Amino acid sequence: MNRLLRPVATSLVLLPAVALVAACGSGSNGIEKLSGAQALKKVQAATRSVQWVHVKGRLDQGAGHTVQIDLHLGDGKAVGTATVGNGTLDVRLLNGLVYFRGNAAAFSALGASSAETASVAGKWLKSDATTGPFAGLSAFRDLHSAFQALLRPSGKLEAGPVTTINGQKVATIIEVSDGSKLYVADTGQPLPVRIERSGAQSGRIDFTDYGKAVSVQAPPNAIDLNQAG
């Protein structure tokens with residue numbers, strides 16, 4: 001799928017409110033004066049300097065399935081939670097490995113059998129970030145590439161109105177084909193504030209806490225899925 005909000009696929013999430021740490025100054029950065037395409041190029045350039053960001057939102061995957069994510073993303077690192085169905089998963093990405101721990105409801109929602117669920121629920125598991133069941137998270141090994149994927153449109157863009165989100169002044173970029181919207185900080189660096197996806201797989205993702213680093217530690221005694229089969 002090639003859209004303004006392009007999901008970054010994992011077995012769990014088809015990825016993909018702001019207090020911008022890096023944003024300073026009260027004057028407009030001029031993003032609202034540009035065409036949609038020009039504005040997006042400015043946003044893409046601004047994200048190249050991002051080292052950390054907090055990503056939180058909810059995505060409709062169709063057929064009544066929704067996914068909620070709450071992740072702190074660094075370059076090659078991630079920590080947070082994801083909710084699928086009535087279950088919750090703790091997720092960490094570090095040194096090319098994905099660590100995850102879920103309750104029974106989470107593994108059941110992911111399609112695990114009752115026997116598989118009973119054997120792994122509540123335990124930390126790990127797998128290679130590029131080949132394991134959560135291989136889609138490998139996109140976040142390069143945070144800048146992940147931003148580029150999220151901010152790659154499939155069609156014509158147009159500039160929308162200036163508005164506010166949680167008191168933050170933002171400019172709007174609209175994808176004409178389906179009305180999906182990207183809201184961008186209108187002061188300081190023109191960084192993404194929110195993506196609202198329209199259509200069959202609708203959803204919203206907020207970007208906050210730019211530059212705020214979070215400690216990511218590998219959990220002890222994680223079961224290696226490659227060895228355990």
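Let's start in the interior: the largest nonpolar core has 40 residues, and Val53, Phe147, Ile173, Leu182 and Phe207 are the ones that touch the most other members. A second, separate core of 5 residues includes Ile165, Val170, Tyr183 and Ala185. Here a nonpolar core is a set of buried Ala, Val, Leu, Ile, Met, Phe, Trp, Tyr and Cys residues joined through side-chain atoms within 4.5 Å. Buried stands for under 20% relative accessible area, exposed for over 50%, and partly exposed for what lies in between (1.4 Å probe, protein chains only). In soluble globular proteins, nonpolar side chains tend to be buried together.

Before going further, a word on the model. It is predicted, so local features need pLDDT of at least 70 and side-chain atom pairs count only at pLDDT 80 or more, while totals for chains, interfaces and linings use all residues. Residues are numbered from 1 along each chain as its sequence is written, and side-chain values use heavy atoms, with hydrogens and water left out.

Now step back to the whole chain. Its 229 residues are 45% buried, and they are arranged with 5 helices and 13 strands (DSSP runs numbered from the N terminus: H or I of at least four residues for helices, E of at least two for strands). The chain exposes about 10,300 Å², 49% of it from carbon and sulfur atoms (Shrake-Rupley method, 1.4 Å probe; for residues, only the protein chains shown count as cover).

Strand β9 is a good one to follow. In β9, 7 of its 8 residues are buried. Its pairing partners include β8 (residues 163-165), antiparallel over 3 bridges; strands count as paired if DSSP finds at least two bridges between them. Ile165 of the second core has Gln168 as its bridge partner in β9. The β8–β9 hairpin has 2 residues between the strands, and Asn166 takes a positive phi near 50° there.

On to β10 (residues 181-185), which runs antiparallel to β9 with 5 bridges joining them. Thr172 is bridged to Tyr183 in β10. This hairpin has 5 residues between its strands, with Gly179 in the turn at a positive phi of about 80°.

The strand β7 (residues 157-159) also pairs with β9, antiparallel over 3 bridges, and Leu157 has Glu175 as its bridge partner. Glu175 is in β9 (residues 168-175) and is buried, with a relative accessible area of 0%. Where does the side chain of Glu175 reach? Its target is the backbone nitrogen of Gly155, at 3.3 Å.

Key
Polar contact = N/O pair within 3.5 Å; in protein donor to acceptor, adjacent residues only side chain to side chain.
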